[in-house]
Amino acid sequence: MKKETADIPLYIEVLLPLALPKIYTYYVPEEMHDQVEVGKRVEVQFGKKRIYAGIVKALHWDIKLEYVPKAILSVLDKKPICSASHLDFWGWIANYYMCTEGEVMNAALPAAFKLSSETKVLINPETTIDGSLLNDKEFLIHEALTIQKELTIKEIESILEVKNTYHIIKSLLEKQIISVEEELKAKYKARKIKKVEISQDVRTDEALQDAFEQLKRAEKQEYLLLYFIQEYGVDGIAPQTILLKRSETSSAILNGLVKKGIFNVYEEEINRLDLNNNYETEEYILNEDQSAAIEKINQYFEEEKVVLLHGITSSGKTQVYIEYIKEQAAAGNQVLYLLPEIALTAQIINRLRKAIPHEIAVYHSKFNNNERIELWNRIADGEIKLVIGARSSVFLPFKNLALVIVDEEHDNSFKQVEPSPRYNARDIAIKLARDNKANAILGAATPSL
C-alpha cells in the first residue's frame, strides 16, 4: 500500500482468530506503509501480553479516533493470503449464522496461518540471586535458565514434571528473578531441497581448464567436478543428496569446491503435495438420459445460476458432473466438488483422473499443517483447477471459481454443529458460487425441501 503523504497516519482494521464482537483498529508505523495490504497477516499485540497474527481487513487514512491505537509489530506476508472479496464472504457467513468474524476466520484458515504468541521465561540480569529465597522448584528453573538462557512454559512444565507452573512463575516474577516476553511462533516451514550447479564464472572452456589445474592436488574434488560434468553437463543442475550418493563423495568435498568458487549450492522450495495426474485419459460416451440432462441444465443456466439435478442412485449423475468439470478445466477455471463424506471420494477421484488431465486436490483432515498451507496458496494462485472436499472446502480462497457441485445436497453431513460457526455447507456453497458469478449444480436422489 503506497502512502499518499508521509504526514498522514495510516490505520488498519485487523481481524483476529478470536470470538470478538468487533474488529480492532491498529496504527501502521510509517516504515511499514508500503508493506501493508488487505488480506495480508500482521503481527499485533492484543491485551497486555498476547500477540497474534491478524488479517488486514481494511485501511483508513487520517481517521478520527477516540483512543490511541496500538502499532502493529510487523507484516508477516509478502503477498495477501486471501482477497478482500473473500474477507467479505467471511463477514456474510458471520452475519448469516450469527457468530463472530473471528470464529469464521478460525474455522477457515489452516492452523499454521493462525499464529499466536508463546511465553518465554528469561533470567532478570538486573537482580542478584539469593538461593536461600528459592524453593526447590524455583531453584530448578533458575538452574535451567543459567544453562539454556530462555525457556518456554512447556519446557518448564517438562523440567518440573507438573502441568500447572503459573504460580511458580508468578512467584519468581514477584521476586524479580525472571522476566517474561512474548514471541510469535511460525508453524509453517516450506520444504526445500539443496541443488548444485557449476558457478557461472567457471562455465567457459578456459575457466574450466583453470579449475582443473587448481584441483590437481585435490583428487577427490577433481573427481566430483569431473563426475558432475559427465552426468549433468556444464550447465546442468543436480540435487545435492543424489549427486553425493551417486558420486560416492561427501558434503565436505562439495563444500571445498563451493569455497573455491567452482560450485554453487542453493535452496529451492518444492511442493509437498503429490497431485500429478499420470492416468491415461479415457473417453466416455454419454447415454440419452445424461445428454438430455446436460441440455436441460444448460437451458436453466441461461436464466438461473443454481440448478438441481434429480436422479436416483447409480443413474449416472457423476458422469454429468464430469462433463461440466472437463469443460471448466479446459477453460482454465476452477471447480469445487463437494461431497458429504470424504471417504466417498476414492472411486470418484479415479474416474476423474481418467477423464481430466489436470491436478486434482482433495481437501481433508489427513493433510498435515504444511500440506494445508501449500494447498491453500496454490488454490489462491489459481494453480489447482479442481478441488474435491467435504464441508470445510467452502472456506478455500478460490481465484477464478466457475463451477460448484454439491453432490448428495440433502445429506446432514454438510451441517457443522460444533464449534461455531454452525453452518450448512450447501447453502454457503450457493453463496460462494453467486459471489464468484459461478454456476452451481446440486445433485441428489432425494432432494431436500
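**Chat about the sheets, helices and odd backbone spots**

Author: To start with one sheet of this predicted model: 3 strands make an open sheet with antiparallel pairing, in the order E10-E9-E11.

Reader: Ok, which are the edge strands there?

Author: Strand E10 (237-239) and strand E11 (263-269) are the edge strands, and each pairs on one side only. From one strand to the next, the twist averages 35°.

Reader: How many bridges join E9 to E10?

Author: Strand E9 (residues 192-198) is joined to E10 by 3 bridges, and the two run antiparallel. Within that pairing, Lys195 stands opposite Pro239 in E10.

Reader: Which strands does H7 lie across?

Author: H7 lies across E9, E10 and E11, at about 100° to E9. H9 packs on the sheet as well, where it touches E9 and E11, and its direction makes about 110° with that of E11.

Reader: And at what angle do the axes of H7 and H9 cross?

Author: Roughly 85°, with the axes of helix H7 (residues 219-232) and helix H9 (residues 251-259) coming within 9 Å. Angles of 65 to 115 degrees count as roughly perpendicular, so H7 is roughly perpendicular to H9.

Reader: Which residues of H7 and H9 meet?

Author: From H7 there are Lys220, Gln221, Leu224 and Leu225, and they meet Ile253, Leu254, Gly256 and Leu257 in H9. Sorted by class, this contact of H7 with H9 has 5 nonpolar, 2 polar and 1 charged residues.

Reader: Switching to the parallel sheet. What's the strand order?

Author: E12-E17-E16-E13-E15-E14, an open sheet of 6 strands with parallel pairing. Strand E12 (306-310) and strand E14 (360-363) stand at the edges with a single partner strand each, so one side of each has no neighbour in the sheet. Neighbouring strands of this sheet are turned by 15° against each other on average, ignoring direction.

Reader: How many bridges between E13 and E16?

Author: There are 5 bridges, with strand E13 (residues 334-338) and strand E16 (residues 401-407) pairing in the parallel sense. For Leu338, the bridge partner in E16 is Val406.

Reader: What about E14, are its residues buried or exposed?

Author: Buried: Ile360 and Val362 point one way from E14, Ala361 and Tyr363 point the other way, and all are buried. E14 runs parallel to E15 and is joined to it by 4 bridges. Ile360 stands opposite Leu386 in E15.

Reader: Which strands does H11 lie across?

Author: Helix H11 (residues 317-330) lies across E12, E13, strand E15 (386-389), E16 and strand E17 (439-444), and runs at about 170° to E16. Helix H14 (residues 425-435) lies across E12, E13, E16 and E17, at about 160° to E16.

Reader: At what angle do H10 and H11 cross?

Author: The axes of helix H10 (residues 288-301) and H11 cross at roughly 55° and come within 10 Å. That is why H10 and H11 are oblique to each other. H10 passes H11 in a right-handed crossing. On the H10 side, the contact is made by Gln290, Ile294, Ile297, Asn298 and Phe301, and on the H11 side by Gln319, Val320, Glu323 and Tyr324. By class, the contact has 5 nonpolar, 3 polar and 1 charged residues.

Reader: New topic, cis peptides. Where does one join a residue to Pro419?

Author: A cis peptide bond joins Glu418 and Pro419, with omega about -10°. Pro419 is in the loop between E16 and H14. Another cis bond joins Ser420 and Pro421, with omega about 10°, and Pro421 lies in the loop between E16 and H14 too.

Reader: And phi, what's the value at Met98?

Author: Near 55°, a positive value in a residue other than glycine. Met98 is in the loop between helix H1 (84-96) and H2, and is exposed at 77% relative accessible area. Lys437 also has phi near 55°. Lys437 is in the loop between H14 and E17 and is exposed at 70%.

Reader: Last one: Glu101, buried or exposed?

Author: Buried, because its relative accessibility is 19% and the cut-off is under 20%. Glu101 is in helix H2 (residues 101-108). Leaving aside residues up to four places away in sequence, Glu101 touches Leu15, Ile23, Lys57, Gly91 and Ala94.

Conventions: Residues numbered from 1 in each chain as written. Predicted model: local features only at pLDDT ≥ 70, side-chain atom pairs only at ≥ 80, totals over all residues. Heavy atoms only, no water. Pairing = 2+ DSSP bridges. Axes fitted to C-alpha atoms, helices over the stretch in contact; angles between N-to-C directions. Contact = heavy atoms within 4.5 Å. Parallel < 35°, antiparallel > 145°, perpendicular 65-115°, else oblique. Nonpolar A, V, L, I, M, F, W, Y, C, P; charged D, E, K, R; others polar. Left-handed = near helix turned anticlockwise from the far one by under 90°. Buried < 20%, exposed > 50% of the residue type's maximum accessible area, 1.4 Å probe, protein only.
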